[in-house]
Amino acid sequence: MRIGIAHHLGWAVAVTAATDHRVVDRRRIELIEPGLPVAPVEHDGQPLDDAGLARLVATVRASAARAAGAALAEIAAAVPAPITGICLRAWPLDFPEDVAVLRRPPYNARADSVMYLQVLDDAARARGWTVHTYDPRQVEWQAAALLGDRAVEVLQGPRAAWGPPWTKDHRTALAATVVASS
């Protein structure tokens, strides 16, 4: 089984699919503990000096690691077979870490999002899961091409089986698991 993640700042949609692409779990997961800023670099840390921003980012990252780890553990415990992989939106692997650089464009707009992806990557690898990355602009059509005549059934069918919500985030997450299995 694989988990597809469509993340946002502080939360994500997680869709777990079996090897036949059948959805076995879908849920919203929290990626940060309550009371902490979800966008420390782009918003909350702007008035801070670099040292203060570094402390804030470290606090938020530690919280995100705990929250993401707990969410992934809950999913793993809830599904009927072992999780073997997770699918995350791709990010630049050479993304800077220095807060003085992160607070400047173009990095400030992506720094918080990349942090959540890195935390999910770390949590998945700590469990021995394979990490697959995807391009959210292309993953649905890539999955549809792989699925052929089954594309509508696989990508749209869970809405009928699971009920709403079944949004673009859900389809993207599921499509990522399909592409990762090819």
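# Exercises on a predicted model

At 0% relative accessibility, T16 counts as buried. The model treated in these exercises is predicted.

## Exercise 1. The setting of T16

Task: State in which strand T16 lies, and list what T16 touches beyond residues up to four places away in sequence.

Solution. Begin with the secondary structure: T16 belongs to strand β2. Next, apply the burial criterion: the limit for a buried residue is under 20% relative accessible area, and T16, at 0%, is therefore buried. Finally, leave out residues up to four places away in sequence; the contacts of T16 are then M1, R2, I3, R22, V23, V24, D25, I75, V79 and I83.

## Exercise 2. Overall architecture

Task: Describe the pattern of helices and strands along the sequence, and explain why the protein counts as compact for its length.

Solution. First, count the elements: there are seven helices and five strands. Second, place them in order, which gives β-β-β-α-α-β-α-α-β-α-α-α. Third, compare sizes: the radius of gyration is 17 Å, close to the 16 Å that the globule rule gives for 182 residues, so the protein is as compact as a globular protein of that length. Along the principal axes, the C-alpha atoms fill a box of roughly 55 × 30 × 30 Å.

Fourth, consider the contacts between residues at least 6 apart in sequence: 67% of them join residues at least 24 apart. Fifth, turn to burial and surface. Of the 182 residues, 48% are buried. The protein exposes about 8800 Å², and carbon and sulfur atoms supply 55% of this area. As for charge, there are 19 positive and 20 negative side chains, and the centres of the two sets lie 3 Å apart.

## Exercise 3. The nonpolar cores

Task: Identify the residues with the most contacts inside the largest nonpolar core, and state which elements each supply at least two residues of this core.

Solution. The largest nonpolar core contains 39 residues, and I3, I5, I29, I86 and L88 have the most contacts inside it. The elements that each supply at least two of its residues are the strands β1 (2–7), β2 (11–17), β3 (23–30) and β4 (85–89), together with the helices α2 (50–78), α3 (99–102) and α4 (111–126). A second, separate core has 20 residues, including L147, A173, A175 and A180.

To examine one core residue in detail, take I5 and set aside its neighbours within four places in sequence. I5 is then in contact with A12, V13, A14, I29, I86, C87, L88, L120, Y134 and A173.

## Exercise 4. Three buried helix residues

Task: For L72, Q118 and V178, determine the helix of each, and whether each is buried or exposed.

Solution. Take L72 first. L72 is located in helix α2, and its relative accessibility of 0% makes it buried. Beyond residues up to four places away in sequence, L72 touches I3, I86, L120, A123, A124, R127 and W129. By contrast, L72 and V101, which are 29 residues apart in sequence, are 31 Å apart in space, C-alpha to C-alpha.

Take Q118 next. Q118 is part of helix α4. Its relative accessible area is 18%, so Q118 is buried. With residues up to four places away in sequence left out, Q118 touches R61 and W91.

Take V178 last. V178 sits in helix α7 (residues 168–181), and at 2% relative accessibility V178 is buried. Its contacts, not counting residues up to four places away in sequence, are H21, A143, L146, L147 and V154. V178 and R2 are 176 residues apart in sequence, and their C-alpha atoms are 9.0 Å apart.

## Exercise 5. Backbone features in loops

Task: Locate the cis peptide bonds that join P105 and P106 and P164 and P165, and describe the phi of H21.

Solution. Step one concerns P105 and P106, joined by a cis peptide bond with omega about 0°; P106 is in the loop between α3 and α4. Step two concerns P164 and P165, also joined by a cis peptide bond with omega about 0°; P165 is in the loop between α6 (151–162) and α7. Step three concerns H21, in the loop between β2 and β3. Phi of H21 is near 75°, a positive value in a residue other than glycine. At 14% relative accessibility, H21 is buried, and H21 is one of the residues touched by V178.

Methods: Residues numbered from 1 in each chain as written. Predicted model: local features only at pLDDT ≥ 70, side-chain atom pairs only at ≥ 80, totals over all residues. Heavy atoms only, no water. Core = buried A, V, L, I, M, F, W, Y, C linked by side-chain atoms within 4.5 Å. Buried < 20%, exposed > 50% of the residue type's maximum accessible area, 1.4 Å probe, protein only. Helix = DSSP H or I, 4+ residues; strand = E, 2+ residues; numbered from the N terminus. Contact = heavy atoms within 4.5 Å. Rg over C-alpha atoms; globule rule 2.2 N^0.38 Å. Areas by Shrake-Rupley, 256 points an atom, 1.4 Å probe, with all protein chains shown as cover. Lys, Arg positive; Asp, Glu negative; His and termini not counted. Charge placed at Lys NZ, Arg CZ, Asp CG, Glu CD.
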